[in-house]
Structures are given as structure tokens and as C-alpha cells.
Amino acid sequence: MSEGSGRIEALEHQLLRAWMASDSKQLKALLARRFRLVVGASNPVLLDRKSLIDAVGERWSLSAFRFGTALYAREVDGVGIFAAEVELEGRIDGKEVTGRWWVSDLWRKGGFSRRWQLLDRQLARPDPGQDFAASVRRLQLWR
């Protein structure tokens, strides 16, 4: 593993630990202002940075996570790419959303600050049901 891929993998762990701790300050530092979360489902749903930060903790809690053994991390010219299967244990609005997901992330190194921030996250659950996407849709602040 290259130094860059190790850095991207470490950022992934840092992000999910901040989520588990409901650390909105750390999440704000790790998520780019133009961050978007796209949940892949039969009816895809989008969540912006503000909605996610507002939801983390009370509405969307994460109690555990574990990445699968097959993960991909790469850093090229100030862009970090990460893809892996992840097992998450959590709740959205009191409803359990524990299971396996496929996550694909795009990180970028900021111009002025030179900090790494997550710009885009794709989260897909290999589940034929509509429940997860509907739960995430209810977190949207702009509706």
C-alpha cells in the first residue's frame, strides 16, 4: 500500500469515528462545503453536508463499523479515491439500519488549507427494500 492510500484509509476511519462520537466539529472539518451523499437504491436519494451533520448523532447514529478485507484506496494528484464494503450498525430516527453497504468516496486536498476533505460519498445497500432510502430522504433539511 502506498503512503497516499494509507492516508485515505486513515481519513475513512477518522470520519466514521467522528460519526460514532457525534462530533459535528470534526465532521465539518472532514466534509467539504459542497459534500454530497448519494444513497443508491431503487429510488436513489441525496443528502447534503448540512443535512448529514444535522442528522448525525440524534437522528442518524452509528454505533459500530467494520470495513471488509477487500478495499481500494488511491491518491492521485490531490484526489483520493476509496471503495470498500463496510458493515455498519446504526439507527435512523430510531429504526435500525444495520447491515452491509458498498461505499465509494472521493476526497480532495483543499487549495488554501491543503486539508483533505470528503467531497462525494456513494453509499449503496444491496437490499431490495425501500426502507433505507426512505429513512435517508426524511433527513433532508431542504424538503
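These notebook entries record what I looked up in a predicted model.

**Entry 1: Cavities**

I began with enclosed space. I found four cavities of 30 Å³ or more in the structure. The largest cavity holds about 60 Å³ of space. I then listed its lining, which consists of Leu-16, Trp-19, Trp-60, Phe-67, Val-86, Leu-88, Val-103, Arg-121 and Leu-123. Helix H1 (3-20), strand S3 (60-76), strand S4 (79-92) and strand S7 (116-124) are the elements that each give two or more residues to this lining. Sorted by class, the lining has eight nonpolar residues, no polar residues and one charged residue. I noted Arg-121 among the lining residues for a later entry on charge pairs.

**Entry 2: Leu-123**

I next took up one of the lining residues, Leu-123. Leu-123 belongs to strand S7. Is Leu-123 buried or exposed? Its relative accessibility is 5%, so I entered Leu-123 as buried, the cut-off being under 20%. I also checked a distance from Leu-123 to Ser-61: the two C-alpha atoms are separated by 16 Å, and the residues lie 62 apart along the chain.

**Entry 3: Salt bridges at Glu-87**

I turned to charged side chains. Side chains of opposite charge can pair when their charged atoms come close. The count for this model comes to six salt bridges.

I looked up Glu-87 and found a salt bridge with Arg-66, in which the closest N and O atoms are 2.9 Å apart. Arg-66 is in strand S3 and Glu-87 in strand S4, 21 residues apart, and the pair links distant parts of the chain. Which other side chain meets Glu-87 in a salt bridge? I found Arg-100, with an N to O distance of 3.9 Å. This pair also joins distant parts of the chain, with Glu-87 in strand S4 and Arg-100 in strand S6 (residues 99-109), 13 residues apart.

I then compared accessibility across these residues. Glu-87 is partly exposed at 24% relative accessible area. Arg-66 counts as exposed at 55%, and Arg-100 counts as exposed at 51%. The cut-off for exposed is over 50%, so I entered Arg-100, at 51%, as exposed.

**Entry 4: The Arg-121 and Asp-105 pair**

I returned to Arg-121, which I had noted in the cavity lining. Its side chain meets that of Asp-105 in a salt bridge at 2.6 Å, N to O. Because Arg-121 lies in strand S7 and Asp-105 in strand S6, the pair ties together parts that are 16 residues apart in sequence.

Are the two partners buried or exposed? Arg-121 counts as buried at 6% relative accessibility, and Asp-105 counts as buried at 3%. I also recorded a network of salt bridges that links Glu-12, Asp-105 and Arg-121. Arg-121 thus appears in my notes both as a lining residue of the largest cavity and as a member of this network.

**Entry 5: A nonpolar surface patch**

I closed with the surface. Which residues make the nonpolar patch of about 280 Å²? I listed Tyr-72, Val-79, Ile-81 and Leu-106. I looked further at Tyr-72, which is found in strand S3. Tyr-72 is partly exposed, with a relative accessible area of 40%. Since patch residues need over 30% relative accessible area, Tyr-72 at 40% meets that cut-off.

How values were computed
Residues numbered from 1 in each chain as written. Predicted model: local features only at pLDDT ≥ 70, side-chain atom pairs only at ≥ 80, totals over all residues. Heavy atoms only, no water. 1 Å grid on protein atoms, 1.4 Å probe; cavity = no way out; pocket = protein on both sides within 12 Å on 5 of 7 lines; lining within 4 Å. Points joined across faces, edges and corners; volume = space filled by probe spheres on them. Helix = DSSP H or I, 4+ residues; strand = E, 2+ residues; numbered from the N terminus. Nonpolar A, V, L, I, M, F, W, Y, C, P; charged D, E, K, R; others polar. Patch = residues over 30% accessible without salt bridge, like charges linked within 9 Å, V, L, I, M, F, W, Y side chains within 5 Å. Areas by Shrake-Rupley, 256 points an atom, 1.4 Å probe, with all protein chains shown as cover. Salt bridge = Lys/Arg side-chain N within 4 Å of Asp/Glu carboxyl O. Buried < 20%, exposed > 50% of the residue type's maximum accessible area, 1.4 Å probe, protein only.
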